[in-house]
Amino acid sequence: MRKSFGAKPLCYPQPVFILAAYDENGVPNAMNAAWGGISEDKEIAMCISAGHKTTKDILARRAFTVSMADAQHMAACDYVGLVSGNKEPDKFAKAGFHAEKSAFVDAPLIAELPIALECKLVSYDAESCRLVGEIVNVSVDERVLDADGHVDVSKAQPITFDPFNNTYVVLGEAVGRAFHDGLALK
């Protein structure tokens with residue numbers, strides 16, 4: 001038997017993305033966005049409303065970064081989703097974040113968050129709130145790499161948003177090998 005929840009944006013997983021951009025004065029700003037994902041080979045798309053200061057900053061600079069929120073910085077990542085940059089001009093610093101200039105786009109990397117996509121703005125539709133970015137680089141802090149130079153998810157500890165329970169859930173346990181384990185059913 002199934003229970004109906006109606007037409008709502010409820011699905012697993014919902015990544016917790018932290019978008020960051022510089023404002024007109026070069027001050028970094030960040031926001032939390034859960035409705036997004038990879039939409040093409042080198043493209044990310046997400047839904048963010050036009051009223052966000054970060055949206056305005058992205059449109060002005062035509063660049064942004066998308067960091068993966070992690071368990072260690074969960075409270076700071078939640079904070080930048082709770083507080084508006086339109087009302088709190090220094091929310092980036094209040095979150096305890098430190099900006100590092102991206103070498104690829106005119107946007108800040110968040111030093112505390114180890115995995116980030118560095119993006120150029122492709123398009124934004126204010127009516128649908130759909131933001132599309134071209135991924136020009138993926139940068140990963142060496143502290144979350146294994147001995148072979150691969151990302152170790154147990155070190156990175158990315159979190160996802162659980163919309164059914166309004167909680168954050170840490171990722172980490174591998175349950176199989178992609179593009180391999182299904183071969184047993186052929």
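# Exercises on a predicted model

Pro-13 lies in the segment before β1, and this structure is a predicted model.

**Exercise 1. Describe the peptide bond between Tyr-12 and Pro-13, and follow the chain into the sheet that contains β1.**

Solution. Begin with the bond itself: Tyr-12 and Pro-13 are joined by a cis peptide bond, with omega at about -20 degrees. As a background to this, most peptide bonds are trans. Next, place β1, which belongs to an open sheet of three strands in the order β1-β11-β12, with antiparallel pairing. In that sheet β1 (14-15) and β12 (167-170) are the edge strands, each of them pairing on one side only. Finally, look at the pairing in detail: two bridges link β1 to β11 (residues 159-162) in the antiparallel sense, and Gln-14 has Phe-161 of β11 as its bridge partner.

**Exercise 2. Decide whether Thr-160 is buried or exposed, and list what it touches.**

Solution. First locate the residue, since Thr-160 sits in strand β11. Its relative accessibility is 9%, and because buried means under 20%, Thr-160 counts as buried. Then turn to its surroundings: leaving out residues up to four places away in sequence, Thr-160 touches Pro-13, Gln-14, Val-16, Thr-167, Tyr-168, Val-169 and Leu-171.

**Exercise 3. Work out the strand order of the seven-stranded sheet, and say which helices pack on it.**

Solution. The order in this open sheet is β3-β2-β6-β9-β10-β5-β4, and the pairing is antiparallel. Its edge strands are β3 (28-33) and β4 (36-40), each of which pairs on one side only. On average, and with direction ignored, neighbouring strands here are turned by 35 degrees against each other. At the β4 edge, four bridges join β4 to the antiparallel strand β5 (residues 43-47), and Gly-37 stands opposite Ala-45 of β5. For the helices, α1 (residues 53-61) lies across β2, β3, β6, β9 and β10, and runs at about 55 degrees to β2. Helix α2 (residues 74-82) also packs on the sheet, where it touches β2 and β3, and its direction makes about 95 degrees with that of β3.

**Exercise 4. Identify the residues that touch the most other members of the largest nonpolar core, and examine Ile-44 among them.**

Solution. The largest nonpolar core has 22 residues, of which Leu-19, Ile-44, Met-46, Ile-48, Ile-58, Val-66 and Leu-131 touch the most other members. At least two residues come from each of β2, β3, β5, β6, β9 and β10, and the largest share, five residues, is supplied by β9. Beyond its neighbours within four places in sequence, Ile-44 has contacts that include Phe-17, Gly-37, Val-66, Leu-117, Leu-131 and Ile-135. Apart from this core lies another of 16 residues, including Val-16, Ala-20, Ala-76 and Ile-110.

**Exercise 5. Which elements give two or more residues to the lining of the largest pocket?**

Solution. The largest pocket holds about 270 Å³ of space. Its lining has 13 residues, and those closest to its centre are Asn-32, Ala-33, Ala-34, Trp-35 and Gly-81. The elements asked for are β3 and α2.

**Exercise 6. Classify Arg-62 and Asn-166 by backbone phi and by exposure.**

Solution. Start from the expectation that most residues other than glycine have a negative phi. Arg-62, in the loop between α1 and β6, has a positive phi of about 60 degrees, and its relative accessible area of 46% makes it partly exposed. Asn-166, in the loop between β11 and β12, has a positive phi of about 50 degrees. Because exposed means over 50%, Asn-166 counts as exposed at 63% relative accessibility.

Methods
Residues are numbered from 1 along each chain as its sequence is written. This is a predicted model: local features need pLDDT of at least 70, side-chain atom pairs count only at pLDDT 80 or more; totals for chains, interfaces and linings use all residues. Side-chain values use heavy atoms; hydrogens and water are left out. Two strands pair if DSSP finds at least two bridges between them. Axes are lines fitted to C-alpha atoms, for helices over the stretch in contact, and angles run from 0 to 180 degrees between N-to-C directions. Contact means heavy atoms within 4.5 Å. Buried means under 20% relative accessible area, exposed over 50%, partly exposed in between (1.4 Å probe, protein chains only). A nonpolar core is a set of buried Ala, Val, Leu, Ile, Met, Phe, Trp, Tyr and Cys residues joined through side-chain atoms within 4.5 Å. On a 1 Å grid over the protein atoms alone, a cavity is a set of points where a 1.4 Å probe fits but cannot get out, and a pocket is an open set with protein on both sides within 12 Å along at least five of seven lines; lining residues have an atom within 4 Å of a point. Grid points are joined across faces, edges and corners, and a volume is the space filled by probe spheres set on the points.
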